[in-house]
Amino acid sequence: MSPLDQLFSNYLPVFLGTGIGAILVISALVGSRLLAPYSEERNKGTTYECGMLPIRRASTNVGMRFYLYAILFIVFDVEAVFIFPWALSYLAVGPQAYWEMVVFVGILAVGLAYAWKKGALRWQ
Amino acid sequence: MNLEAFHFIGPAIVLLAGAVLVLLADLATGRRACVRPLAMLTLAAAALYAATQAAADTGGQAFGGAIGVDRFTIYVALLLIVITAAVVVAGEPGLTRVAQRGEFYALLLASTASMMLLAQARDLVAIFVALETTSAVQYILVGLGRDARASEAGLKYLLTGAIAAAVLLYGFVLLFGIAGSTSLADISRAVAETGDETRLAVVVAFVLIAAGVGFKMAIVPFHAWVPDVYQGAATPVTVFLSAASKAAGFAIALRLFYTGLGGGDTPVSADWAKLFGVLAAVSMTLGNLAAIQQTDVKRLLGYSSIAQAGNIAVGLAAVATGSTLGPAAVLFFLGTYAATNLGAFIAVIAVGARVGSDELRDYAGLLRRSPGLAIVLVLCLLSLTGLPPTAGFLAKLYVFNSAVQGGEQWLVWLVVVAVFNTALSAYYYLRWARTILLDEPLDPAPFQPPAATNAVLTAAALGVLFFGIVPTPLIDAARSAAAALA
């Protein structure tokens with residue numbers, strides 16, 4: 001068996017799992033369609049068969065503001081992720097590590113200043 | 001690590017620092033006037049830095065071998081700086097739809113810096129990071145315009161780019177699996193020892209990589225984004241994409257396939273020679289056939305750039321068959337194509353700013369309305385066709401010659417296809433030239449482009465003529481750059 005075949009044979013369980021999963025889902029759907037009683041009643045199509053009629057659409061618009069905040073959050077999230085390993089290896093690397101982090105945080109600060117100046121932090 | 005490592009990526013650092021400065025200056029002053037000179041100053045400083053590197057013949061590797069500097073990277077860096085400088089100097093009239101000037105110049109500089117790093121990268125991870133930085137910046141650049149078309153173009157570019165990046169990454173993963181290392185030097189050793197059992201994996205890997213890089217080079221079948229993005233983006237962005245991004249794409253393709261996959265003497269080189277041969281033939285034919293039907297000049301130049309990418313890919317195919325002229329021919333073609341395309345696109349910017357549209361019929365009688373502009377544009381069209389005495393002729397000659405020198409029967413046929421395509425392309429290039437020279441103008445009022453545009457147009461025209469008559473300086477530079485690649 002060549003190394004490449006060996007590599008792919010490692011994935012055999014994955015392929016088997018995918019196949020069995022697909023067969024299970026398809027047989028459940030087809031089986032219930034074939035075996036279960038089926039009614040064409042109009043009310044069966046509503047959201048709740050009894051009770052309140054739903055008003056408005058289920059999907060609503062989410063404000064763009066949240067999107068901006070999410071982006072800004074990710075920036076600082078990533079910054080934090082970088083700072084942890086930096087703090088651990090700080091003593092080993094020495095002053096160069098300090099200046100590299102200053103540059104990195106400085107560039108992110110420019111980004112924050114940009115967002116601030118452009119009014120991304122104002123909740124209007 | 002020492003300071004020499006930072007000296008190696010000096011020009012890119014200068015550009016990135018300049019990008020931050022441009023952004024800050026734009027924020028602090030809020031005036032548009034200061035950002036453009038600052039961007040020019042940054043480019044001049046970076047060019048000076050790269051020139052001193054070239055003069056000192058700087059060479060070596062840094063960052064654990066992930067980044068290198070040699071004549072090839074300096075050639076690409078200077079080419080990119082010249083293209084960006086031309087866009088900064090003459091792009092202003094084409095930015096009417098772009099309100100965010102500070103962002104535009106900052107992103108332009110950042111994109112140039114990452115493309116320079118891309119040419120310097122010698123490690124799969126560094127290549128991927130540089131390539132994606134380049135792309136991410138360009139997605140925003142394309143979508144900067146204040147209209148639905150630019151947004152659509154930006155989204156299209158982003159979606160196709162994301163797929164291309166994923167495909168490229170699959171290829172890289174396979175290469176890493178084969179070689180057990182991300183360094184191109186190790187990979188080329190592993191590929192050279194390819195046996196029958198790993199051969200298929202290597203072939204699949206380089207097909208995937210060709211697809212990923214093909215997106216940047218805009219060759220068929222990875223070209224679907226080109227016409228819409230070229231048309232939708234602000235014209236200066238289109239210039240940048242068609243000249244700089246394409247040059248960076250071919251530079252990294254040369255690096256990956258020539259250095260990484262071991263040039264012309266590995267067990268798989270015949271396979272990728274044929275791959276690029278087929279892609280080149282299809283690109284040229286489809287690009288030219290589609291360009292014939294266009295009435296919008298930006299779309300026309302978009303399809304033309306696909307066809308030209310096919311011409312350059314003939315050189316890539318030649319590289320794989322062991323043609324020693326191949327890499328130098330590709331680099332020479334990229335240099336002349338940059339000059340030609342800059343001239344054509346900047347003429348399009350000047351006409352678009354005056355007429356307010358990019359329709360072919362608006363170029364009627366341009367010779368009588370703005371003679372200088374018309375002559376430069378016609379010269380560039382002749383160069384795109386590949387007629388002497390322009391640089392485009394010599395570029396095609398060198399690329400085709402390198403293919404014939406490869407010595408394979410099918411490469412000769414590829415050149416035949418390419419020559420046939422040149423005739424095909426002459427139809428729409430020369431039709432455009434005829435519209436400019438002979439047709440009755442719709443609006444006879446004469447006009448004069450701004451001084452900065454005139455300066456860049458003159459420089460482009462001189463470049464097209466100079467390298468068409470005295471190609472030696474550029475050829476020598478391309479040769480020594482190619483020698484560094486081997």
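Helices and strands here are DSSP runs, with helices at least four residues long and strands at least two, numbered from the N terminus. With that in hand, the loops of this predicted model are a handy place to start. B:D57 sits in the loop of chain B that runs between α3 (35-55) and β1 (60-62). The backbone does something a bit unusual to look for here: phi of B:D57 is near 50 degrees, a positive value, and the residue is not a glycine. B:D57 counts as exposed because just 10 C-beta neighbours fall inside 10 Å, and the cut-off for that label is 12 or fewer.

A positive phi also turns up at B:A218, again not a glycine, this time at about 60 degrees. B:A218 belongs to the loop between α9 and α10 of chain B. Its surroundings are another matter: with 27 C-beta neighbours inside 10 Å, B:A218 counts as buried, since 20 or more are enough for that. That loop, bounded by α9 (196-217) and α10 (226-232), also holds B:P221. The peptide bond joining B:V220 to B:P221 is cis, with omega at about 5 degrees. Another cis bond links B:P388 to B:P389, where omega is near 10 degrees. B:P389 lies in the loop of chain B between α16 (371-385) and α17 (391-405).

Moving on to the helices, α4 (residues 71-90) and α20 (residues 472-485) of chain B pack with their axes coming within 7 Å and crossing at roughly 135 degrees. That angle is neither over 145 degrees nor in the 65 to 115 range, so α4(B) and α20(B) are described as oblique to each other. On the α4(B) side the contact is made by B:R71, B:F72 and B:Y75, while α20(B) brings in B:A477, B:A478, B:S480, B:A481, B:A484 and B:L485. By type, the residues of this contact split into seven nonpolar, one polar and one charged.

As for the nonpolar interior, the largest core takes in 198 residues, and those with the most contacts inside it are B:L80, B:A247, B:A317, B:I346 and B:A460. The biggest share of this core comes from helix α14 (residues 326-355) of chain B, which gives 19 residues. For a closer look at one of the well-connected residues, B:A317 touches B:A273, B:F276, B:G277, B:A280, B:A403, B:L411 and B:L414, leaving aside residues up to four places away in sequence.

Another buried spot is B:L15, in helix α2 (residues 10-29) of chain B. B:L15 has 30 other C-beta atoms within 10 Å, and so is buried. Not counting residues up to four places away in sequence, B:L15 touches B:T42, B:A46, B:L109, B:T112 and B:A113. B:L43 also comes up here: the C-alpha atoms of B:L15 and B:L43 are 6.7 Å apart, with their positions 28 residues apart in sequence.

Several other residues of chain B fall into the in-between class. B:D296 is placed in the loop between α12 (269-292) and α13 (297-320) of chain B. This aspartate has 15 other C-beta atoms within 10 Å, so B:D296 is partly exposed. Beyond residues up to four places away in sequence, B:D296 touches B:Q231, B:D358 and B:E359. B:L373, on the other hand, is 77 residues from B:D296 in sequence and 19 Å from it in space, C-alpha to C-alpha.

B:Y427, found in helix α18 (residues 409-437) of chain B, has 13 C-beta neighbours inside 10 Å and therefore counts as partly exposed. The C-alpha atoms of B:Y427 and B:I292 are separated by 7.4 Å, although the two positions lie 135 residues apart along the chain.

B:D186 is part of helix α8 (residues 184-192) of chain B, and B:D186 is partly exposed because 17 other C-beta atoms lie within 10 Å. Setting aside residues up to four places away in sequence, B:D186 touches B:A179 and B:S181. B:S111 is 75 residues from B:D186 in sequence, and the C-alpha atoms of the two are 29 Å apart.

Finally, chain A is divided into domain 1 (3-45) and domain 2 (64-117). The C-alpha centres of these two domains of chain A lie 45 Å apart.

How values were computed
Residues are numbered from 1 along each chain as its sequence is written. Chains are lettered from A and ligands numbered from 1 in the order in which they are written. This is a predicted model: local features need pLDDT of at least 70, side-chain atom pairs count only at pLDDT 80 or more; totals for chains, interfaces and linings use all residues. Two residues are in contact if their C-beta atoms, placed from the backbone, lie within 7 Å. Domain bounds come from an automatic or database domain assignment. Axes are lines fitted to C-alpha atoms, for helices over the stretch in contact, and angles run from 0 to 180 degrees between N-to-C directions. Angles under 35 degrees count as roughly parallel, over 145 as roughly antiparallel, 65 to 115 as roughly perpendicular and the rest as oblique. Ala, Val, Leu, Ile, Met, Phe, Trp, Tyr, Cys and Pro count as nonpolar, Asp, Glu, Lys and Arg as charged, and the others, Gly among them, as polar. A nonpolar core is a set of buried Ala, Val, Leu, Ile, Met, Phe, Trp, Tyr and Cys residues joined through C-beta atoms within 7 Å.
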